[in-house]
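The following exercises introduce one structure step by step. Please study the sequence and the model before reading each solution.

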Amino acid sequence: MTKITTRLHEWSREVEHYADPTAEIDPNIKYGRLIFNENLLLPEEYYIEIVRHIEKKVDQAIRFYPSAKVREKVEDKLSEIYKIDREKILLTAGADEAMKLIYDMCSKITDTTLIVRPCYGMAKIYARSMRMRAEDYIIERDYTIDPDKVIERIREKNVGIVYICNPNNPLSIEFEKRDIEKIVERSDTIMMIDETYHEFGTIDHSRLVERYDNVVVIRSLSKSWGLAGLRLGYVIAPEYIIRILRGIAQPFNISSVALIALERALEMYDIVRKAIEEIKTIRDEMIKRIEEIDHVTEVFRSRTNFITFRLDNTLKNREIVKRLREKGFYVRTSSEPLLDNCIRVTVAQREVMYKFVTALEEAIYEHERSHS
Ligand SMILES: Cc1ncc(COP(=O)(O)O)c(C=O)c1O
């Protein structure tokens, strides 16, 4: 039998990590941080209100352990806002923790996941950290899902959990709900649907949880609610799954300060809704504007708070990203399939977006000139 430490050494050589882009960004940057899809449209008053509430409850927010009563209250409020059965909700430390808990649960009963790509990179990292095998299904060239192919792969590879991100990050588009439902209906697998961007899109998968006992939806409060720094999200799942997840999660996985802040934030849904609508309007306007730029060959029909677009082969996206950085704009590329030569940019205030478009045009012009 191989020594325990030898096995851990082996693992440490192959373990995959999240490539954290914050390592390269000045935390004091005022604008131009268009890399994380944070909510940049929520007004200052929203945050001031949250901070005032924390100040009023400083003992509960910092001195004391998180309160089960406050947690129940915020879960009640989420259930009321989104019209979800109370027993089907579990608050988590971001959609990330939700994903990890679900992989933790599934790793005890299956050793294979199927990841619908392109997608958010953490699914594979969590599955692999649970020592699961990660199979891929790469979507079709027309950016749709072929449910029959997915079903076949699930059977062929003996898949116990499928991860799909809809609306999709990094593509920004939505897949058809009926295609996902077909897979759910015809497979013996857990379907984890990552709805981190659902408020910016048109589809709500949470109803599927009522109809099928193999659907789990994960959501984030980082994007639409603008609370990324607090690390908040939630799971919507059948009660029997929520019961298992409660058994796996840490007792105090949500910090007191996050709970107290959320208590106040959830009372301000009107402000949040308004910011979401503004983001959607600016996004659609900017898609048209970016489409007009020379060398941009494709702009995806975003149903998120970011825009993904493709450059033609005369340019290199990484070089454009580098030039944009020099001009104060942080954006991203992706190594996911179907995203060759693409750039992803978070939707910000209209003025910032117009400056971004100008910077992009300049970067393209300079790149072209330097290679001619
Ligand atoms: C698709 C997707 N899922 C999950 C997450 C993680 O979200 P959270 O901040 O709630 O952990 C992100 C963050 O960017 C994401 O894009």
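**Exercise 1. In which loop is Pro118 found?**

Solution. Pro118 is found in the loop between strand E2 (112-117) and helix H6 (122-129). Helices (H or I, at least four residues) and strands (E, at least two) are DSSP runs, numbered from the N terminus. Residue numbers start from 1 along each chain, following its sequence as written. The model is predicted: local features need pLDDT of at least 70, side-chain atom pairs count only at pLDDT 80 or more, and totals for chains, interfaces and linings use all residues.

Next, consider the peptide bond before this proline. Arg117 and Pro118 are joined by a cis peptide bond, with omega about 5°. A cis peptide bond also joins Asn169 and Pro170, where omega is about 15°. Pro170 lies in the loop between strand E4 (161-165) and helix H8 (177-186).

**Exercise 2. Determine whether Asn37 and Lys83 are buried or exposed.**

Solution. Begin with the criterion: a residue is buried if 20 or more other C-beta atoms lie within 10 Å of its own, exposed if 12 or fewer, and partly exposed in between, with C-beta atoms placed from the backbone.

Then apply it to Asn37, in the loop between helix H1 (4-14) and helix H2 (44-56). Asn37 counts as buried because it has 24 C-beta neighbours inside 10 Å. Its phi is positive, about 60°, although Asn37 is not a glycine.

Finally, turn to Lys83, which lies in the loop between helix H4 (68-82) and strand E1 (89-92). Lys83 has 9 other C-beta atoms within 10 Å and is therefore exposed. Phi of Lys83 is near 50°, a positive value in a residue other than glycine.

**Exercise 3. Describe the sheet that contains E1, and the helices packed on it.**

Solution. First, establish the strand order. An open sheet is formed by 7 strands in the order E1-E7-E6-E5-E4-E2-E3, with mixed pairing; two strands pair if DSSP finds at least two bridges between them. E1 and strand E3 (133-138) are the edge strands, each pairing on one side only. From one strand to the next, the twist averages 20°; angles run from 0 to 180 degrees between N-to-C directions, and axes are lines fitted to C-alpha atoms, for helices over the stretch in contact.

Second, examine one pair within the sheet. E2 and E4 run parallel and are joined by 3 bridges. Ile115 has Tyr163 as its bridge partner in E4.

Third, add the helices. Helix H7 (residues 147-157) packs on the sheet and touches E2, E3 and E4, its direction making about 160° with that of E3. Two residues are in contact if their C-beta atoms, placed from the backbone, lie within 7 Å. H8 lies across E4, strand E5 (190-194) and strand E6 (215-220), and runs at about 155° to E5.

**Exercise 4. Which strands pair with E9, and in which sense?**

Solution. Strand E8 (residues 296-299) pairs with E9 in the antiparallel sense over 3 bridges. E8 and E9 form a hairpin, with 6 residues between them. One bridge pairs Val296 with Leu311 in E9.

E9 also pairs with strand E10 (residues 342-346) in the antiparallel sense, over 5 bridges. Here Phe306 stands opposite Thr346 in E10. Of the 6 residues of E9 (residues 306-311), 5 are buried, so E9 is largely enclosed by the rest of the structure.

**Exercise 5. Why is helix H11 described as largely enclosed?**

Solution. H11 (residues 256-265) is largely enclosed by the rest of the structure because 8 of its 10 residues are buried. Among the buried residues are Ser256, Leu259, Leu262 and Glu263. The cover over the buried residues of H11 includes H2, helix H3 (58-63) and H4.

**Exercise 6. Which helix gives the most to the shell around the ligand?**

Solution. Helix H5 (residues 94-107) gives the most, with 3 residues. The ligand is surrounded by 13 residues, and the closest are Gly94, Asp96, Tyr120, Ser220 and Ser222. A residue is near a molecule or strand if its C-beta atom, placed from the backbone, lies within 6 Å of it.
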